[in-house]
Amino acid sequence: MHHNADDFAREEHKGLEGYFPEHSSNSRTSLITSVKMIWLQYRAWTLPVVLSLFLVLWSWPVTSSTVADDATLASPSESFVLAAAEPPRNSTGLTDAVQWDNYTLFINDQRVFIYSGEFHTFRLPVPDLWLDIFQKMVAAGLNAASIYIHWGLTNPAPGVIDFDDWRALQPIFDAAKLAGIFIVLRPGPYINAETTAGGIAHWATSLVASELRTNATDFKEAWTPYVEGIAAAVKPNQVSSGGPIIAVQIDNEYSQTPIQRAEYFAQLERSFLDNGVVVPLTYNDPNEGRNFINGTGAVDIYGLDSYPQGFDCSHPRDWRPVVLNYHQYHEQVNPSQPWYIPEFQGGSFDPWGGPGYDACELLTGPDFQDVFYKQNWASNAKLISYYMLYGGTSWGGIPFPGVYTSYDYGSAIRESRALSPKFDELKRQALFIRSSPEFRKTDWIGDTSTGIPGVTLNGSAAFVTLLKNPDTGSGFFIVRQNNSTSTALTNFSLTVPTSVGTLTIPQTFNSVALNGRQSKVILTDYTFGSKSHVLYSTASVFFAGTIGGRDVLFLFGDSDQSHEFSFTPSGKPTIRPTESNVKLSKDGSSTLVSVLPGSTGLVTVWESDAQLVLFSDPVTAATFWAPVIPSTDNSTPLKNFWQFGSNTTVLVGGPYLVRNATITRSGELALRGDLNDSAILTVIAPPSVKSVSWNGVRVPTDFTGNSGSRAIRTGHLSLSSDIESITPPTLTDWKFADSLPEIKPGFSDADWIVANHTTTNITTKPIFGDGRILYGCDYGFCENIVLWRGHFNATGSETSANLAINGGSAFAASVWINDQFISSTSGGSETNAIYTFPEGSIHEGADNVITVIQDNMGNDEDSNEKSQRGITGFKLNTGNFSVWSVQGKVGGYLEYPDKARGILNEGGLFGEREGWHLPGFDTSTWTSRSLSDGLPSGGAGVGFFVTTFDLSIPKGKDVFASFQFDSINQPYRAILFVNGWHFGKRVANMGPQTKFPVPQGILDYNGKNTVAIVLWALENTAVSPSLDLIFDNVLDGGVGSIAVNNPPWKSRLTI
């Protein structure tokens, strides 16, 4: 429909050209040209507006004055602002709580720039910590979170919908609402996200005969209970009902052809609508795919994902150029909708054997954010979400085979929940957006490649894009290097139109410096606070707004560069800068401020009862926070949301994190947050604030440290004295038991499942064998370690077996004949090898057993979700196998006992089946043996090591804890269980992960903790692992009380 309307608009435009005959008046011609530009920008909807405006313009008085080309504009007394008419709004037709036009969303009738980050609650399975992440996102200035829900985790078996414990949805919505952040929910069914099967329920990959992600009846039957369950949870939590949900995404990253895929989308959309979802349905296209914009399955709002830097963290300083055509693409494919990027690169995943996530953080570091994020702004995107904002942990069987346990992603918030330097850059950008209502509605005027009317860029190495607010005339010149990968320093100046005429910026020095891999937003005619005005600025805006009736502007810029801005002062000044490198001069009705290199720290440029203008270097700016002061009207559903419940804030400098702030009736500014060190507290608050408290303790503050300021008060925050006493215990007193009885004489697998299927719905069929299917998921064992036992009656001529084993990338398998080890295999997704029986290992005339331990690394994503994990080929050199038996986790996906930790937590090792990894299992009869001593045999095998330790962390502390393995390349794999949770897989001969963060809630900070290590030695070589508990950081503060949900051991029937 959009396409047809767009075509109509083009035809109408052609016909309208004839209505504007040439005229001798340059001014009238200029106005008509402006009308034409408006027409080109807004197309179909502008016809009535343009015709009305035409009549007005045609009767406009003709003058003989002329305007010099690209020179000056009319003086303020002669100029006028022609505000563009508002384009029509669209909605779902089911609610007006969320609407949209070609610029932005409207929520509750307010235009909003959605600035968002991705967070997967299932990768932090501690519901009380979700508020921690949401608070940090809001503190960074974000106003939305994008959240995947994993079908496979919440629908573990056909017809079983499990929204209990950490799979619950309501705690997500409640925490978001408390923090004041909107939610775009992305429930799939397919999500990708580097998760097993891309989120598709494992059982569906085996039981559904048809192609997945089509309109097939059996696939629809599979996903319907899940989608209906999601919709039921969404319905009362939509913003139309006072909740935080503003949109729901349909599936993810797909194509609209063939028609079966489009009809699958249409089925999903109908299911959501029929079950009460009224907010917009959205879609995330894999790059510029043009899918689901029009036609069958089309969504309300289209968007695309972009990872321009790729995923090669091994070369973190090698940059690719920015994407240049996003604005043009948007104008071509969906110009009536706002430009939406549901996933833009916020980091990178790292593969097995990769360099680790610190390199990924460098690949997508603050310089990447500075250049690439602002390039998105330059494309006029007004809905942007960064993937990931907090990556978390792919614990248990969550990951797909391409990634390891950590999903840190090099994100702004690291896996441990620590804030990285990327968080600082994100905050500098997001608070600018939050502070700049004029930036919510901008027209793309042009760039260096197209030319910008009336603008001259001096500096061939620079590239500029102009966005302009059509109502106020505010200009946003987004400047980067023409070669966005360049590391060289360059300089530029701009000649631009302003409300006082054409200016060349800067005025007091020759040029603006632009470092390599740096971007800047140059402002013209920018409004801040209630009535204050910036004529232009080469410095960046950190914060702009009103605090207690005073208009506040906080600018920043690199300390080794010069900066310049011109603003209209208001009120009688009480403070002016005393720093020699900050100069003020009169510039007509404005004050021109020049900041020379060398300026560091916080500088007060202007303070009066009406205004406060500040400048700092970027590092100092990032130490400040602007927490929302919630509305005191408890009847307002969104009282904690900036712009929608409150426009009241304060500025607070110094702490590691400010989580929230309130102002009591008695005038106390009550701040809550975290400290990682003692700090000077700087507060800019309304005059009504009489006192300040930090985490419930009064903090003396005064104005004496600020040279007579009545706007800036300071105090001192000190770390608690008990911080240094919080140290991790040493892991000792390990107990050991063998966990591979399956290779011992006399072991019976009579209770195992006989693997005798001869058909499978899994796409790839066995490559050789006798027709039997040995795929784990066909027998209910779809994840983690699976054991296979193949029986044959030996004649004495058997010398080897040919086995093809598939476990996904980075898998391993070990093979025994009877009780003798043959070898292990690894590499790629599948290996095909001859396993030669050691001399004397065969029992002639008796039952012989080949035992295979196979590590299932998860199912593939995209088109191969139906992954063939198991033994894909088997044959003896002579003779046949009589019986194959298979065993995975207890109960498979139908009857697994640990419902709290869920479907993907356990595998099929004997110790796991017995529950040895669970808290409370009695190891008193086990052998005392140090983990570093390895297995008693000194050879291949599997053993369990278990120990316990106590923690007693004082209240009000947030401890970032990790378990650190040795970093030696050794032939072993290890599984880390913490209080029963599978929170790490160490592959010591591949890496890279040796350190495994584990959050509070999994760890009991005030009680006994159990650690179990599954040690799988891959070769007949002694291995010597080590493991330490470390505290990466201890903060004063934290999000509050964290519940522990670690169900203890109960007797299990060994299968």
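Q: How do you know that Cys313 and Cys360 are joined by a disulfide?
A: In this predicted model, the sulfur atoms of Cys313 and Cys360 sit 2.1 Å apart. The cut-off for calling a cysteine pair a disulfide is 2.5 Å, and 2.1 Å is within 2.5 Å, so the pair counts. A disulfide, by the way, is a covalent bond between two cysteine sulfurs.

Q: What makes the disulfide of Cys313 and Cys360 right-handed or left-handed?
A: Look at the torsion about the S-S bond: for Cys313 and Cys360 it's about 110°, so this disulfide is right-handed.

Q: Which parts does the pair Cys313 and Cys360 tie together?
A: Cys313 is in the loop between strand E9 (301-306) and helix H10 (326-333), while Cys360 is in helix H11 (residues 357-363), so the link ties together parts 47 residues apart in sequence.

Q: Are Cys313 and Cys360 buried or exposed?
A: Both Cys313 and Cys360 are buried, and that word is kept for residues under 20% relative accessible area.

Q: How many disulfides does a search of the whole structure find?
A: Two. The other link to look at is between Cys777 and Cys782, with sulfur atoms 2.0 Å apart, which again is within the 2.5 Å limit. With 80° about its S-S bond, the link of Cys777 and Cys782 is right-handed. Cys777 and Cys782 are buried too. Count the bonded cysteines along the chain and you get the pattern 1-2, 3-4.

Q: What makes helix H10 "mostly covered"?
A: Just check its residues: six of the eight in H10 are buried. They are Tyr326, His327, Tyr329, His330, Glu331 and Val333. The cover over them includes strand E8 (281-286), E9, H12 and E12.

Q: Why are strands E12 (443-447) and E24 (582-587) said to stand at the edges of their sheet?
A: Start with the order of the eight strands, E12-E14-E15-E19-E20-E23-E25-E24, which make an open, antiparallel sheet. E12 and E24 each have a single partner strand, so one side of each has no neighbour in the sheet. On average, neighbouring strands here are turned by 20° against each other, ignoring direction.

Q: How do you know that strands E23 (residues 563-567) and E25 (residues 590-595) are paired?
A: Count the bridges: pairing needs at least two, and E23 and E25 have five, so they qualify. The two run antiparallel, and one of the bridges matches Glu564 with Ser594 in E25.

Q: Which strands does helix H12 (residues 366-378) lie across?
A: H12 lies across E12, E14 (462-468), E15 (475-481) and E19 (520-528), and it runs at about 140° to E15.

Q: What makes strand E16 (residues 490-498) "mostly covered", and which strand does a hairpin join it to?
A: Seven of the nine residues in E16 are buried. A hairpin through two residues joins E16 to E17. E16 and E17 (residues 501-505) are antiparallel with five bridges, where Leu494 has Ile505 in E17 as its bridge partner. Leu494 is also the bridge partner of Leu457, within the three-bridge antiparallel pairing of E13 (residues 456-458) and E16.

Q: What kinds of residues make up the contact of helices H4 and H6?
A: Ten are nonpolar, one is polar and none is charged. Among the residues that meet are Trp130 and Phe134 in H4 and Ile172 and Leu178 in H6. The axes of H4 (residues 130-139) and H6 (residues 170-179) come within 9 Å and cross at roughly 35°, and the crossing is right-handed.

Methods. Residues are numbered from 1 along each chain as its sequence is written. This is a predicted model: local features need pLDDT of at least 70, side-chain atom pairs count only at pLDDT 80 or more; totals for chains, interfaces and linings use all residues. Side-chain values use heavy atoms; hydrogens and water are left out. Helices (H or I, at least four residues) and strands (E, at least two) are DSSP runs, numbered from the N terminus. Axes are lines fitted to C-alpha atoms, for helices over the stretch in contact, and angles run from 0 to 180 degrees between N-to-C directions. Contact means heavy atoms within 4.5 Å. A crossing is left-handed if the near helix is turned anticlockwise from the far one by less than a right angle, and right-handed if clockwise. Ala, Val, Leu, Ile, Met, Phe, Trp, Tyr, Cys and Pro count as nonpolar, Asp, Glu, Lys and Arg as charged, and the others, Gly among them, as polar. Buried means under 20% relative accessible area, exposed over 50%, partly exposed in between (1.4 Å probe, protein chains only).
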